[in-house]
Amino acid sequence: MDARAHFHLLARYHAWATQRLLAAVAALDDDAYRRDVGLFFKSVHGTLNHLLVGECLLWFRRFAHGESPRLALDHEAEPDRARLAQALQAGAEAWADAIAAWPAERFEARLRYTRMNGAEVDLPFAPTLAHVFNHATHHRGQITAALTAFGEPAPELDLVYFLQAQKTPTG
């Protein structure tokens, strides 16, 4: 599997896992959803907002548009939980289309952007893209732990479940 196919698979998995997580989170009442439960971004809501900022408003714009937005990682981009869920799902789905359109040589290139503090960054493209999906997995894990602590079922989000659900696991 070449790099583009690998990352396209990860992007499709990412959209699938996001959808499953958001469906599970929808069962929470608003108090539990917004309660500080000791996550790095305090609540489920804070963590979902962080995912929107990180994945969509920062990383996607860096990768897809060559932009260097400056937003705090704890910025509340969307206070309404339904609109936040819609934005997260749409953002997760955008990765697969972008990756499918990139030429193969892009994955061997560099990603250059300016950090929020003004520092210039120059990183290898493919490993940095891997970071985006790994970062999302990390925070989905935090949210599933919070769901479990609330006595709610946590969705199965392992990549192997996604692969088993696909007609062509690598396609």
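**Notebook: cavity, pocket, rings**

I began with enclosed space and found that the largest cavity holds about 40 Å³. The model I am reading is a predicted one. With a threshold of 30 Å³ or more, I count one cavity. I listed its lining as Thr18, Leu21, Leu48, Leu51, Glu55, Leu88 and Arg140. The elements that supply two or more of these residues are α1 and α3. Helix α3 gives the most, with three residues. Sorted by class, I have four nonpolar residues, one polar and two charged in the lining of this cavity.

**Entry: Ala136**

I looked next at Ala136, which I placed in helix α5. Is Ala136 buried or exposed? Its relative accessibility is 0%, so I entered Ala136 as buried. I then asked which residues Ala136 touches once those up to four places away in sequence are set aside. I noted His14, Leu51 and Glu55. Leu51 and Glu55 are already in my list for the cavity lining. I also checked Ala136 against Met116, which is 20 residues away along the chain, and got 20 Å between the C-alpha atoms.

**Entry: the largest pocket**

I turned to open space. The largest pocket has a volume of about 210 Å³. Two elements, α3 (44-65) and α5 (125-149), each give two or more residues to its lining. I wrote the lining down as His50, Gly54, Leu58, Trp59, Arg62, Leu73, Tyr113, Arg115, Met116, His131 and His135. Helix α3 has the largest share here, with five residues. By class I have five nonpolar, four polar and two charged residues in the pocket lining.

I picked His50 out of this lining for a closer look. His50 belongs to helix α3. I recorded His50 as buried because its relative accessibility is 4%, and the cut-off for buried is under 20%. Which residues does His50 contact, leaving aside neighbours within four places in sequence? I found Phe41, Leu73, His135 and His139. Of these contacts, Leu73 and His135 are also on my list of pocket-lining residues.

**Entry: aromatic pairs**

I counted 15 aromatic pairs. One of them is Tyr13 with Phe162, an edge-to-face pair with 5.9 Å between the ring centres and 65° between the planes. The two residues are 149 apart in sequence, with Tyr13 in helix α1 (residues 3-25) and Phe162 in helix α6 (residues 159-165), and I noted the pair as a link between distant parts of the chain. I checked burial for both. Tyr13 has a relative accessible area of 10% and is therefore buried. Phe162 comes out at 3%, so Phe162 is buried too.

I then took Trp59 and Tyr113, whose ring centres are 5.4 Å apart. Why did I file this pair as edge-to-face? The planes stand at 75°, and edge-to-face requires over 60, so the label follows. This pair also links distant parts of the chain, 54 residues apart: Trp59 is in helix α3 and Tyr113 is in strand β1 (residues 110-114). Trp59 is buried, with a relative accessible area of 12%. Tyr113 is buried as well, at 7% relative accessibility. Both residues also appear in my lining list for the largest pocket.

Following the ring pairs outward, I reached a cluster made of Phe7, Trp59, Phe60, Phe63, Trp95, Trp102, Phe107, Tyr113, Phe125 and Phe133.

**Entry: charges over rings**

I looked for charged groups above rings and noted two cases. Arg62 lies over the face of Trp59, 4.5 Å from the ring centre. Arg62 and Trp59 are both pocket-lining residues in my earlier entry. In the other case, the charged end of Arg106 is over the ring of Trp102, at 4.6 Å from its centre. Trp59 and Trp102 are both members of the ring cluster.

**Entry: a backbone oddity**

Last, I looked at backbone angles. Lys42 is not a glycine, yet I read a positive phi of about 70° for it. I located Lys42 in the loop between α2 (30-34) and α3. Is Lys42 buried or exposed? Its relative accessible area is 51%, and exposed means over 50%, so I entered Lys42 as exposed.

Methods: Residues numbered from 1 in each chain as written. Predicted model: local features only at pLDDT ≥ 70, side-chain atom pairs only at ≥ 80, totals over all residues. Heavy atoms only, no water. 1 Å grid on protein atoms, 1.4 Å probe; cavity = no way out; pocket = protein on both sides within 12 Å on 5 of 7 lines; lining within 4 Å. Points joined across faces, edges and corners; volume = space filled by probe spheres on them. Helix = DSSP H or I, 4+ residues; strand = E, 2+ residues; numbered from the N terminus. Nonpolar A, V, L, I, M, F, W, Y, C, P; charged D, E, K, R; others polar. Buried < 20%, exposed > 50% of the residue type's maximum accessible area, 1.4 Å probe, protein only. Contact = heavy atoms within 4.5 Å. Phe/Tyr/Trp six-rings, centres within 6.5 Å; stacked < 30°, edge-to-face > 60°. Lys NZ or Arg CZ within 6 Å of the ring centre and 35° of its normal.
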